[in-house]
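Student: I have a new model open and would like to learn how to read it. Could you walk me through it step by step?

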Amino acid sequence: NSEPPTPIETTEPESSTEVESTTEIESTTDTETTTEEETTEPTTTRPLPYLVAKQDTITIDRENMIVYGFEELLRTEDVSDYVKVNDESIGELEIISIRQITSIYTGTGTIINVIDKLTGDIVESFRIVIFGDLDSDSCANGVDLSIVKDEALGSTSWSDKTSEDYRYYMLIAADLDKDGVVTEKDQDLLNKHVLGLHYIDQ
């Protein structure tokens, strides 16, 4: 895992006592010079919440902002069994499923937000990736095979970084041979998984 977010600096409130300027008068000349004392406002560093793994299978990839290592047939309420906020007194998790069809399962593309309790801001935002799962039902099956086939044939363009339909998390989930593109090789590997001839390691 890469480094968590850098703590932020907060400025302490100014004292109610005003800093008085001092005036230096040179006795040997008629010139008067006025100098104001420079003041620096004290700052304190406030730690920010960040995502950590609860299980050894989980990888938090902060370069691609994805989390993987979940088991298939993942339910939304079970996400917190795999990951958590480093300090629940300062942060909390928000899990958002992207599935259009009502289901108890959630998979690739599901959003994990880390919320700063003090400000309500999103400090980190990740996407869940379950390899082979393209329709976000957390299971690699025939439906996903059809989605990968269309992409490999060029009928869709969600793996094309120049396309407005680009979905980086889907590309990572579908790129089973790790060559950076979705091709017939990925389709073949997924097909073998569906047939029980090959296992996709999460």
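Tutor: Gladly! Start with the secondary structure: this chain has three helices and eleven strands. Keep in mind that the model is predicted.

Student: In what pattern do the helices and strands follow one another along the sequence?

Tutor: Reading along the sequence gives β-β-β-β-β-β-β-β-β-β-β-α-α-α.

Student: And how much of the chain is buried?

Tutor: Of the 202 residues in the chain, 32% are buried. On the outside, the chain exposes about 12500 Å², and carbon and sulfur atoms supply 46% of that area. It also helps to look at contacts between residues at least 6 apart in sequence: 58% of them join residues at least 24 apart.

Student: How should I think about a nonpolar core?

Tutor: The general idea is that in soluble globular proteins, nonpolar side chains tend to be buried together. Here the largest nonpolar core has 17 residues, and Leu134 and Leu190 have the most contacts inside it.

Student: Which elements give two or more residues to this core?

Tutor: They are α1 (142-153) and α2 (168-174). The most comes from α2, with five residues.

Student: What does Leu190 touch, leaving aside its neighbours within four places in sequence?

Tutor: Leu190 is in contact with Gly132, Ala140, Asp144, Leu145, Val148, Leu176 and Ile200. Apart from this core lies another, of 15 residues, including Leu51, Tyr82, Val85 and Ile130.

Student: Let's take one helix, α1. How do I check its length?

Tutor: Multiply the rise per residue by one less than the number of residues. At 1.5 Å a residue, the twelve residues of α1 should span 16 Å, and the end C-alpha atoms are 16 Å apart, so the two agree.

Student: Which residues of α1 are buried?

Tutor: Asp144, Leu145, Val148 and Glu151 are buried in α1. These residues lie on the same side of α1 because they cover an arc of only 125° around the axis.

Student: What do the buried residues of α1 pack against?

Tutor: Their packing partners are α2 and α3 (184-194).

Student: Finally, what should I look for at the ends of α1?

Tutor: At the N-terminal end, look for a cap: Asn141 provides it, with a side-chain oxygen 3.1 Å from the backbone nitrogen of Val143. At the other end, check the backbone angles: α1 is followed by Gly154, whose phi is positive, near 90°.

Note on methods:
Residues numbered from 1 in each chain as written. Predicted model: local features only at pLDDT ≥ 70, side-chain atom pairs only at ≥ 80, totals over all residues. Heavy atoms only, no water. Core = buried A, V, L, I, M, F, W, Y, C linked by side-chain atoms within 4.5 Å. Buried < 20%, exposed > 50% of the residue type's maximum accessible area, 1.4 Å probe, protein only. Helix = DSSP H or I, 4+ residues; strand = E, 2+ residues; numbered from the N terminus. Contact = heavy atoms within 4.5 Å. Arc of directions from axis to C-beta. Polar contact = N/O pair within 3.5 Å; in protein donor to acceptor, adjacent residues only side chain to side chain. Areas by Shrake-Rupley, 256 points an atom, 1.4 Å probe, with all protein chains shown as cover.
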